[in-house]
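Good morning. I will go through one structure today, starting with the cysteines, then the charged pairs, then a few single residues. Please look at the sequence and the model as they come up.

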Amino acid sequence: MELTSSVLDLNWSEVETKIRSFIKDYVKKSGAKGIVLGLSGGIDSSTTAALSALAIDGNKVFGLLLPEQETYNAQDIEHAKLVAEKFGLKTQMIDITPTLKTFYNTIPIFETADKLCKGNIKARTRMIYIYYYANKLNLLVCGSSNKSEAMTGYFTKWGDFAADISPIMDLFKTQVRKLAQHIGLPKEIATKPASPKLWPGQLAEEELGIKYETLDLILYGLEHFMKSEEIAKQLGLKKELVDKMKHRWLYTEHKRRMLLTTKIEYRTVGKDFRLPSTFY
Amino acid sequence: MREKFKVALAQISCKRGDKTENIRKIEDNVVRAKKQGAELVIFPELSVTGYVLRDQIYELAETIPGQATNILEKLAVKTGTYIVFGLPELSDKTQATIYNAAVLVGPDGLIGKYRKMYLPTHSVFEEKRYFRPGYQTAVFETELGKIGLIICYDVFFPEVSRLTRLKGAQLIVCISASPATRRAFFETLTVARAIENTAFLAYVNLVGIEDGLQFWGGSRLIGPNGRVLVKTKYDKEDLVIGEVNYADIRPIETFVPMLKDLRPELFDKLKENAEKL
């Protein structure tokens, strides 16, 4: 297998149709009234929101803008509103700063310097807001995680990854960018640098230490059972870098799985209690 | 025996675990197909229950004959049609041994069944976990000629269709639950199986979405020269009628004579080498 960017090329019309069908079918079968999702103004949530609107109509899609003081960026809000307007979404903006401050002030062991732990509170707080809307308005929570983040574990456990469905999770980040352009997302959104916005100035590629164009090809190779040596050779990379990404992938499986327990009884949740995800 | 007849490709989606609803849909399609002159109506793999069942299969499997077969047998008798459908078959000698089965019923009742021989257990498929494989090909003598049954992944293994053809089937019915990522394989292999056996091949696939798997439909009736005679829509429920005319086999078999040119001694070599793979 030759690892070039062409391996990530897909028929974007077919991909769009598949994702739209998936969303429409799941919403219909579940009996939910629509979808709620966090709208950050980034490419992943914008693409997911747009696809949801194309699938079930924008007036059934609720986009929640959940900014907070430290990472507030007026351009992101503008982008989120742009998507909402273009695809006819319903939106609501809630400043989550006071909630976050309450957490910071009431956790006895809280350390403001520990930006990762602090940042994860932000992702999990957003999850709580989103799920409140889901419960209250009978909506499904639609996740916006992509395959690059899912495979590397680059997300907050029980935070941004928490959702009822995750329609773009089988697409790498660079593929999401192409799909975004295909469905007519504004170019400034489709091309801006990715950031989870857990702390000011955080940039995904900087933190991961790799460009998505390279990361996605490494992950594609791993997905297709290629060995690190072969991937490194083909991409002209040091094997250590490929191994580092492979390590991220293997050691974050706990974030993607049902809770681990020890086998005691006849059938065990998450192990051999094998049921369809849905029964409709 | 009838030389010429109409066959309906009844491409349906299933409500998983809801046999009543699925049987109602089968009945509805049989009645509609019959009105359009079809004498054989074919439904997808596991059409009585849906495909992604996992552990629920132990609740849903039933014997053949059994409740679902009895209902559909009566439908065949009442409408005077032949019907092929799929269901998880519980062995009548055990309590939890299940086959992935295709059933043929006709105007005189139950004709027979086929148990899937090749059970995909890779990627998203986990059939060997739940099913015991079948050991026999199945060809049934009917008023519509000799009809052979195969199921989905069997079509990847030319020996299943070959044996079915060598037992005399001129129409091979392949019922399927193939997700969209496999479409190119099936579009190629169904045609190949028809050509290499100079037989008609009716392929009927599931549609709908089950646990994120999107079944692509695209059911088709293929002639003995590999030509797709009729085809259903992709991804949507559909009912399409095509015509089987066994007289079309003769000119193909004469000048594209794969059956005449078969070399049985190679089959021994195949066996020998397959064991050493």
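A disulfide, as used here, is a pair of cysteine sulfur atoms within 2.5 Å. Before I apply that, some housekeeping. This is a predicted model, in which local features need pLDDT of at least 70 and side-chain atom pairs count only at pLDDT 80 or more, while totals for chains, interfaces and linings use all residues. Residues are numbered from 1 along each chain as its sequence is written, chains are lettered from A and ligands numbered from 1 in the order in which they are written, and side-chain values use heavy atoms, with hydrogens and water left out.

How many disulfides does a search of the whole structure find? The count is 0 over all chains. Take B:Cys152: the closest cysteine sulfur belongs to B:Cys174 and lies 6.4 Å away, which is too far for a bond. B:Cys174, in turn, is in no disulfide. For burial, the scale is relative accessible area with a 1.4 Å probe and protein chains only: under 20% is buried, over 50% is exposed, and anything in between is partly exposed. On that scale B:Cys152 is buried at 6%, and B:Cys174 is buried at 0%.

Now the charged pairs. A salt bridge means a side-chain nitrogen of Lys or Arg within 4 Å of a carboxyl oxygen of Asp or Glu. The search finds 40 of them over all chains. I will show three.

The first pair on my list is A:Arg20 with A:Glu16, at 2.6 Å from N to O. Both residues sit in helix α1 (residues 12-30) of chain A, 4 residues apart, about one turn of the helix. Helices here are DSSP runs of H or I with at least four residues, strands are runs of E with at least two, and both are numbered from the N terminus. A:Arg20 is partly exposed at 29%, whereas A:Glu16 is buried at 13%.

Next, A:Lys118 and A:Glu70 meet at 2.5 Å, N to O. A:Lys118 is in helix α5 (residues 115-137) and A:Glu70 is in the loop between β2 (61-65) and α3 (74-87) of chain A, so this pair ties together parts 48 residues apart in sequence. A:Lys118 is buried, with 8% relative accessibility, and A:Glu70 is partly exposed, with 36%.

In chain B, the side chains of B:Arg54 and B:Glu126 form a salt bridge at 2.8 Å, N to O. B:Arg54 lies in the loop between β2 (40-42) and α2 (57-60), and B:Glu126 in the loop between β5 (109-115) and α4 (127-130), 72 residues apart. Both count as partly exposed: B:Arg54 at 24% and B:Glu126 at 22%.

Last, B:Lys146. Where is B:Lys146 found? It is in strand β7 (residues 145-151) of chain B. At 28% relative accessibility, B:Lys146 is partly exposed. The C-alpha atoms of B:Lys146 and B:Gln170 are separated by 6.1 Å, with their positions 24 residues apart along the chain. Contact means heavy atoms within 4.5 Å. Leaving aside neighbours within four places in sequence, B:Lys146 has contacts including B:Val139, B:Phe140, B:Gln170 and B:Tyr246.

That is the list. Thank you.
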